[in-house]
Amino acid sequence: MRIGVFLPQPWRGGMLRAVQAFCCELLRAADRLGWDVDVVLSVCSNTYLRDEITLDDPRLSVRETEWIPVTESEMALLGINKWQPQMPYIRPTDGGRDFMDCSLWVIFGAYFTPAGLLAPLRPYYVYAPDFIQRYVPQIYGNKIDANDVSWNITTALLLTIRGAEKVLVTTPKTGEDAVGYAGAAPDKVVLMPLWSIELIATGTPVPQGASRSYALWVSNSTPHKNHLCAIAALERYYEMGGDLDTVLIGPDTTKLSPLWHRRPRDIKHPYWTRVADRIAETRSVRQRLKFLDEVSDEKYVSLVSGARFVWHNVLYDNGSFVALEAARLGTPLLSSDYPQMRYICDLFSIPARFFPPVEIEETAKALRQMERDTGEGRLSVSYRMPDHWQQWIEQSFGELLLSHASCARTSDNWQVPDNNNT
Amino acid sequence: MNLVRPPSRSLGIVAHIGIWIELPPGATLLGEGIGQLVRLIVENACGRDIKCTFFAPFWLHNTMDRYLEDFEPTARKLVRVQYTRRLVPLLWRFSGHATARRPRKRKLRPTWLNWRPIARRMAQLFVPQAPPTAMLTALVALPAILIFSPLIAASLGFVWLRRRLARLFSKGRLLLRHVRNRYGRIAYELIREDEYERLVRTANRRTDIDCWFVPNPGWSTAAKLRGPKVCLFPDFVFAEHWTGFAAQDIANVRERFRALAQSNPYYVCFSHYVMEAHARRCFGIPQSRLSLIHHAPILYEAPVDSDARKALLRYLAERFTQEKAFTAIEQNHIYPYLRSLDLSNLRYIFVSTQLRPYKNVFRLAQAVERLIRYHHVDIKLVLTGTLDFVSLEPELAKFIQTNALWFDILSIPRVPKHVHALLYRFAAITVHPSFFEGGFPFVFGESVGLGTPCLLARNAATSEVLSTSELRSFTFDPYLSPRQLAIVLMQSMERRESMLVEQTAMLKRMSVRTWQEVTSEYLSLFATAATEARNPRSRYVERYRVVTPNKGAA
């Protein structure tokens, strides 16, 4: 049995880590079942360096892929009578057998370029990371335009999810969105454990008497990270007499700095300019906010360990592992209140504090309160891995393979190719 | 001339009702509250062997057919539609109201006529750098060109002529469009007046009609009908809520109401408030001409769940594959999204109303946006009003477009009865946020009867029917801000089950009144009107008098 796992966009970071962890877990599950499974990882052409994909298993191969439109006659030729001319169909091509040697396709975040609906040439599962565009439509640009290609890609995503055999999600709220926003059937949505969690090394403990004079703001440069409200809240916090510096880390966060914008740059995203202008016109924030951009793992550990608290300010996403990392390093967490983050904190029993992300006064008060409480040492930090965590992961991946096998048996259109034939 | 009456047409008996329909092109009774009311009365009247004939202008041919499809099969046998007997006037197409023609497919030009690449190839042969073989070919080709030169010249001339003509036709089309834009309205008005004149003449020739039923008090051409008339008076909404409408439109509607009132018909109101505040005070209609007939609750038959789900899926797939999209947002996003959407899996708030300024749907949409984006509630809003993404009117369409809500606020307008019932069936809750209603909203019975609780806005009509405790439990202030309304919606959805139990009990009490009874009251009014018309001595003396708004209010 061969399974194709697709990463249709040149994502790095969390998504790349998740897809690699997924392949590993899939192979492990096959080992446990005693099945002969190999995995083909599809990535965009000319995107990743050789060492970026770290998996070293002979049963895993990597193919560079392009996505091309499918015509009606091609569909007829393949004997698939599912043509619905509602959007153009697309399919992957690797220059060879075009993944038709796989009995199952697993699509990670089905955002296809060019925009198109995935042709049902093989049964497929979709991993839906989140549906941020439902909650923060500005993520595709401040001025919302239905003709923007991003929205066409979104429509194709939703319809692709609707046609999937299974929709894999890692939080219940994203599962709700898969049903309520994408229109997937509820019985097709599968809640998976957070399989890509890497428990970071705790590193050297923070020396006693360290000043812990800053709050660590972990972010990136996209609009759903709520920078404008966060800066307004910081301004209010400093007006209230807040005494902590704020250290901002994360990919591309330097681009939000007014200093970065002083020099002529090739690309200046309008959103970055707005945030930088907002910071520039706020004296207190300008002076107390430090930009460190993306930092190494060691530096990250030391920054989290040395912070008074970690501030996670996001309008909406699939939750962040920063909660677990902060708890592991003994730093309290102040997070914006949204269901995914609540779920993660509940799952790992992390005593985080929450604030409404768009209420500036509330946010500022929460920051101030956090500063006071952490200063007085009133906040305890702890976490607990859920019981049978590893079993849950093993069981989920085992069930994925089993459900695929049963689906393969019942399907008329195709058969599970015998490994010897492929 | 004394007409010999058939035996059934004795005093107090109505055997045949004529229903006057006066709608502009594109409008329909399907999905309208009045349309439902007329359907129920006609169905029940037909159940008593009373014939009903609709009189409608020719442009409603298709819409009336679709409307009648919703009627009970037994009733449909006794219902007829009378149009004027004539061909569609040629000017109708010019008026811009005819169905738009499909754009003709452009014919592909045969490749041999595409002379440009041929000419380019020939020119290449004669350039000095051309290789010797090319020169040789040119030497052979040159005599051939000379021999066939008249033919080549003729074909080039033909191409030139064709282009000139195409340009000329294109200019002609533009001119025609310009003229149509400017004078089409005048043409439409001319045809409209002529059509109604003809329809009135046709109607007045029908001696078998006992009584005329006019479902809208603004359909003023009905004043020319000679027989007795019974007219519905749902409300004069501008007396309550005039903002959002053009002043000239309000004046025109008022004039039409007055014109019909001058012919002294009987009027039926659905609430005491409208009878007093609108009919009497605004229009000075005498009390003796006014009747108050409350609605009975509309109860749909509960569909079987598995069939219902499939039926709704099939309807959406067919409808949004065939429906013509006018904008990119519909073509690229909304229609593909709706085509395979299984609403039975979704949690949605259903609003069954047209989108008029006083219906307050915009505020509800804002509240739903807040529910989704601030409270992270997984919910959708499904409307039956038409959203116009071309003109972005009403403002709700613009709101949806500028806030990327086209997957969360959906409009499924002009649905047949069985689909309407299914939309109620699968909703989390039904909301009717209107500032004003002429009668107790139908949505209450329709929704609760199908197992979905209903939240109503507090207004004169609901206050007249519901008790104080019911008002507190099932209604909300329509002036609530979107922020407050979002909280009310959340709370209502949380107590969905208890609300449904209470409302079902209430509906049971309300269901004591049936549509049979309502129809009896209507028929008795028709009979009164018919009797009065046949017996001049009993003709009522109190006539309509024109009342100006200020005096009327005083």
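1. Starting with a surface pair: B:Asp208 is partly exposed, with a relative accessible area of 30%. Its partner is B:Arg206, and the two form a salt bridge in which the closest N and O atoms are 3.1 Å apart. B:Arg206 counts as partly exposed too, at 25% relative accessibility. Bear in mind for this and every point below that we are looking at a predicted model.

2. On to chain B as a whole. Chain B has 554 residues, and 49% of them count as buried. The program assigns 20 helices and 13 strands to this chain. Take the contacts in chain B between residues at least 6 apart in sequence: 77% of them join residues at least 24 apart. Chain B exposes about 28,500 Å², with carbon and sulfur atoms supplying 56% of that.

3. If you want a covered helix to look at, try H13 of chain B (residues 417-425), where seven of the nine residues are buried. The buried ones are B:Lys417, B:Val419, B:His420, B:Ala421, B:Leu422, B:Leu423 and B:Tyr424; note that a lysine and a histidine are on that list. What do they pack against? The partners in chain B are helices H1 (33-46), H9 (305-322) and H14 (442-449), plus strands S8 (348-351) and S11 (429-432).

4. Now the interface. Chain B and chain A bury about 2,400 Å² between them, and carbon and sulfur atoms give 53% of this area. B:His376, B:Asp378 and B:Phe407 supply 25% of what chain B buries against chain A, more than any other three residues. By residue count, 28 from chain B and 36 from chain A take part in the contact.

5. Polar links run across this interface as well: 12 residue pairs are in polar contact. On the chain B side, helices H10 (328-339), H11 (361-373) and H12 (395-402) each supply at least two residues. H10 of chain B gives the most, with seven residues. Sorted by class, the chain B side has 13 nonpolar, eight polar and seven charged residues.

6. How many salt bridges cross between chain B and chain A? The rule finds two. A:Arg134 and B:Asp408 meet in a salt bridge, at 3.0 Å from N to O. Zoom out a little and both residues belong to a salt-bridge network that also takes in A:Lys173, A:Glu176, A:Asp177, B:Asp378 and B:Lys380.

7. Over all chains the structure holds 46 salt bridges. One of interest in chain A pairs the side chains of A:Asp243 and A:Arg288, 3.8 Å from N to O. A:Asp243 sits in the loop between helix H6 (227-239) and strand S11 (245-249) of chain A, while A:Arg288 is in helix H9 (residues 283-288) of chain A, so the pair ties together parts that are 45 residues apart in sequence. A:Asp243 is exposed at 53% relative accessibility, whereas A:Arg288 is partly exposed at 21%.

8. Another chain A pair is A:Arg384 with A:Asp387, a salt bridge whose closest N and O atoms are 3.6 Å apart. Here A:Arg384 counts as partly exposed, at 47% relative accessibility, and A:Asp387 as exposed, at 58%.

9. Last, is A:Asp101 buried or exposed? With a relative accessibility of 4%, A:Asp101 counts as buried, because the cut-off is under 20%. You'll find this aspartate in the loop between strands S4 (89-93) and S5 (104-108) of chain A. The side chain of A:Asp101 makes a polar contact of 2.8 Å with that of A:Arg2.

Conventions
Residues numbered from 1 in each chain as written. Chains lettered and ligands numbered in written order. Predicted model: local features only at pLDDT ≥ 70, side-chain atom pairs only at ≥ 80, totals over all residues. Heavy atoms only, no water. Helix = DSSP H or I, 4+ residues; strand = E, 2+ residues; numbered from the N terminus. Buried < 20%, exposed > 50% of the residue type's maximum accessible area, 1.4 Å probe, protein only. Contact = heavy atoms within 4.5 Å. Areas by Shrake-Rupley, 256 points an atom, 1.4 Å probe, with all protein chains shown as cover. Buried area = accessible area lost by both parts, 1.4 Å probe. Salt bridge = Lys/Arg side-chain N within 4 Å of Asp/Glu carboxyl O. Polar contact = N/O pair within 3.5 Å; in protein donor to acceptor, adjacent residues only side chain to side chain. Nonpolar A, V, L, I, M, F, W, Y, C, P; charged D, E, K, R; others polar.
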